[in-house]
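Work through the exercises below with the sequence and the structure side by side. Try each task before reading its solution.

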Amino acid sequence: MEINIRKANLDDLMHLVHHRRAMFEEMGYREPAVLEQVEESSREYFSEALRTGAYKAWLAEDPNGRIVAGGGIVIANWPGYPGENLAKRAWILNMYTEPEARRRSMAKKLLEVIIDWCRTAGFRTVSLHASPAGRPLYESAGFQPTNEMRLTL
């Protein structure tokens, strides 16, 4: 399938929110109220972060212009840390491919675009949280597990 990868903008907000909800649904979250909250907070976040540049996103379109995949990167101000020259940190998130478009290297191409953007922007590291389904893709691109931990409050 021939695809076109382009930068997302505010006009693409519904696609970004859809990808986020669908991603969590596929990871096993089924409570409608939880998923509606994901949509609401994602819509709020993406609206602001796309405007300010704190979030960059790319979408993959099929030959008919239909959005079939997407992914993005959060750019957060961050104090210096070993291995990074910038006072920022980059996280890849919201990687999602529509089920009917899977196994066609779209996620791999999106990941390459995002990593290239990070290099061009001067980042020396980029992080992400991988779902079980996405882990093989990220490992094949060279991502390594880190020591991050989480406390649910």
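**Exercise 1. The nonpolar core**

The largest nonpolar core has 22 residues, and those with the most contacts inside it are Ile-73, Ile-92, Met-95, Leu-111, Tyr-138 and Phe-143. The model is a predicted one.

Task: State which elements each supply at least two residues of this core, and which element gives the most.

Solution.
1. Strand 2, strand 3, strand 4, helix 3 (106–120) and helix 4 (135–140) each supply at least two residues.
2. Helix 3 gives the most to this core, with six residues.
3. As background, nonpolar side chains in soluble globular proteins tend to be buried together.

**Exercise 2. Strand pairing around Ile-73**

Task: Find the residues that stand opposite Ile-73 in strand 2 and in strand 4, and give the sense in which the strands pair.

Solution.
1. Strand 2 (residues 55–61) pairs with strand 3 in the antiparallel sense, over seven bridges.
2. Across this pairing, Ile-73 of strand 3 stands opposite Lys-56.
3. Strand 3 is also joined to strand 4 (residues 88–97) by eight bridges, and these two strands run antiparallel.
4. In strand 4, Ile-92 is the bridge partner of Ile-73. Both Ile-73 and Ile-92 are among the residues with the most contacts inside the largest nonpolar core.
5. For the burial of strand 3 (residues 67–77), count residues under 20% relative accessible area: 10 of its 11 residues are buried, and the strand is mostly covered.
6. The hairpin of strand 2 and strand 3 has five residues between the strands, and Gly-65 in this hairpin takes a positive phi near 85°.

**Exercise 3. Salt bridges**

Task: For the salt bridges Arg-6 to Asp-12, Glu-26 to Arg-102 and Asp-62 to Arg-66, decide whether each partner is buried or partly exposed.

Solution.
1. The whole structure holds 10 salt bridges.
2. The side chains of Arg-6 and Asp-12 meet at 2.8 Å, N to O. Arg-6 has a relative accessible area of 23% and is therefore partly exposed, whereas Asp-12, at 5%, is buried.
3. The side chains of Glu-26 and Arg-102 meet at 2.7 Å, N to O. This pair links distant parts of the chain: Glu-26 lies in helix 1, and Arg-102, 76 residues apart from it, lies in the loop between strand 4 and helix 3. Glu-26 counts as partly exposed because its relative accessibility is 43%; Arg-102, at 32%, also counts as partly exposed.
4. The side chains of Asp-62 and Arg-66 meet at 4.0 Å, N to O. Asp-62 has 11% relative accessibility, so this residue counts as buried. Arg-66, with a relative accessible area of 38%, is partly exposed.
5. Elsewhere, Arg-21, Glu-25, Glu-39 and Arg-43 are joined into one network by salt bridges that share partners.

**Exercise 4. The second largest pocket**

Task: Describe the lining of the second largest pocket by residue, by element and by class.

Solution.
1. This pocket has a volume of about 230 Å³.
2. The lining residues are Arg-20, Phe-24, Tyr-29, Val-34, Leu-35, Val-38, Ser-41, Ser-42, Tyr-45, Phe-46 and Leu-93.
3. Helix 1 (13–26) and helix 2 (32–52) are the elements that give two or more residues to the lining.
4. Helix 2 provides the largest share, seven residues.
5. Sorted by class, the lining has eight nonpolar, two polar and one charged residues.

Terms used
Residues numbered from 1 in each chain as written. Predicted model: local features only at pLDDT ≥ 70, side-chain atom pairs only at ≥ 80, totals over all residues. Heavy atoms only, no water. 1 Å grid on protein atoms, 1.4 Å probe; cavity = no way out; pocket = protein on both sides within 12 Å on 5 of 7 lines; lining within 4 Å. Points joined across faces, edges and corners; volume = space filled by probe spheres on them. Helix = DSSP H or I, 4+ residues; strand = E, 2+ residues; numbered from the N terminus. Nonpolar A, V, L, I, M, F, W, Y, C, P; charged D, E, K, R; others polar. Buried < 20%, exposed > 50% of the residue type's maximum accessible area, 1.4 Å probe, protein only. Pairing = 2+ DSSP bridges. Core = buried A, V, L, I, M, F, W, Y, C linked by side-chain atoms within 4.5 Å.
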